[in-house]
Amino acid sequence: HPSISIKRLFFSDIVQAGLLAVLAVAEHVGEFEKIVLLSKRYPGFIFPCLGVHPVQEVSPGQQRGASLKDLEDALPVIEEYKDQLVGIGEVGLDFTPRFVSNETDKDDQRQVLIRQIVLAKTLDLPLNVHSRSAGRPTIHLLKEQGVEKALLHAFDGKPSVAMEGVKAGYLFSIPPSIIRSEQKQKLVKQLPLENICLETDSPALGPEKQVRNEPRNICISAEYISQIKGVTLEHVIKVTTQNALRLFPKLQSAIRP
């Protein structure tokens, strides 16, 4: 199961689960070097995506919305490793009330996202997009900016909003938390399989609430999607793999559909 977005990597578990490739997606500049080093240590298996997440950690337990200063710190490192990247991410918008208190905070996030959209276009790379409590604004902004290649991960908006993204050609990745999320189940019912990828988002969004998620749980996403769609597990794996390769063509070196 190739299309995986994970934040912490446990390699023995990953290999034993039969996973063929991992997208390691950054959230802030402090992770960039670590992710690139991991991709060099496990070439053809770990693929790096670098970007500035819309929520940044100030100190343990204290977070705020991203600012242009966060992006300015990150851009030189992205430039240094641009030829090794398979995507720009995790980027996006997060309008959860505890992270934004006014329109200025929201606009700061929008500007950070727009700058990274321009970067992704320049590098001809897809975007890995976060859109918590901001599904409609995120999709509208992506469309306004002419984005053609995007993966909206763990989308928490309405299926009707997601379908606007489908019309724009965007993909949506589904985490193992689908087994306990009525919203994710409704989303999968509406989304065409050709617009779905699999993800774990480890260590978050696992099958059990407040229990650390593991990369091997990506099979749970595939199995539950097959039940909802009424198709075989093998068909879900085949189509979602093809979708991942279409969006992230650099994975071709590791995956043979």
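This passage looks at how two helices pack in a predicted model and at a pair of annotated binding-site residues.

Let's start with the helices. Two packed helices are described by the angle between their axes and the distance between the axes. Here the pair is α2, which covers residues 32-41, and α3, which covers residues 68-81. Their axes lie 11 Å apart and meet at an angle of about 15°. Angles under 35 degrees count as roughly parallel, so α2 and α3 are roughly parallel to each other. The crossing of α2 past α3 is right-handed. On the α2 side, the contact is made by F32, E33, V36 and K40, while α3 brings in A74, V77, I78, E80 and Y81. Sorted by type, the residues of this contact come out as 6 nonpolar and 3 charged, with no polar ones.

Now for the binding site. An unreviewed UniProt entry places the feature "binding site" at E90 and D201. These two residues span 112 residues in sequence, yet their C-alpha atoms are no more than 11.1 Å apart, so they gather at one spot.

What kind of element does each one sit in? E90 belongs to strand β6, residues 87-92, whereas D201 is found in the loop between β10 (196-198) and α8 (218-229). And are they buried or exposed? Buried means under 20% relative accessible area. E90 has a relative accessible area of 1%, so it is buried. D201, at 4% relative accessibility, therefore counts as buried too.

How values were computed: Residues are numbered from 1 along each chain as its sequence is written. This is a predicted model: local features need pLDDT of at least 70, side-chain atom pairs count only at pLDDT 80 or more; totals for chains, interfaces and linings use all residues. Side-chain values use heavy atoms; hydrogens and water are left out. Axes are lines fitted to C-alpha atoms, for helices over the stretch in contact, and angles run from 0 to 180 degrees between N-to-C directions. Helices (H or I, at least four residues) and strands (E, at least two) are DSSP runs, numbered from the N terminus. Angles under 35 degrees count as roughly parallel, over 145 as roughly antiparallel, 65 to 115 as roughly perpendicular and the rest as oblique. A crossing is left-handed if the near helix is turned anticlockwise from the far one by less than a right angle, and right-handed if clockwise. Contact means heavy atoms within 4.5 Å. Ala, Val, Leu, Ile, Met, Phe, Trp, Tyr, Cys and Pro count as nonpolar, Asp, Glu, Lys and Arg as charged, and the others, Gly among them, as polar. UniProt positions are given in the numbering used here, feature names are shortened, and annotations may be inferred rather than shown by experiment. Buried means under 20% relative accessible area, exposed over 50%, partly exposed in between (1.4 Å probe, protein chains only).
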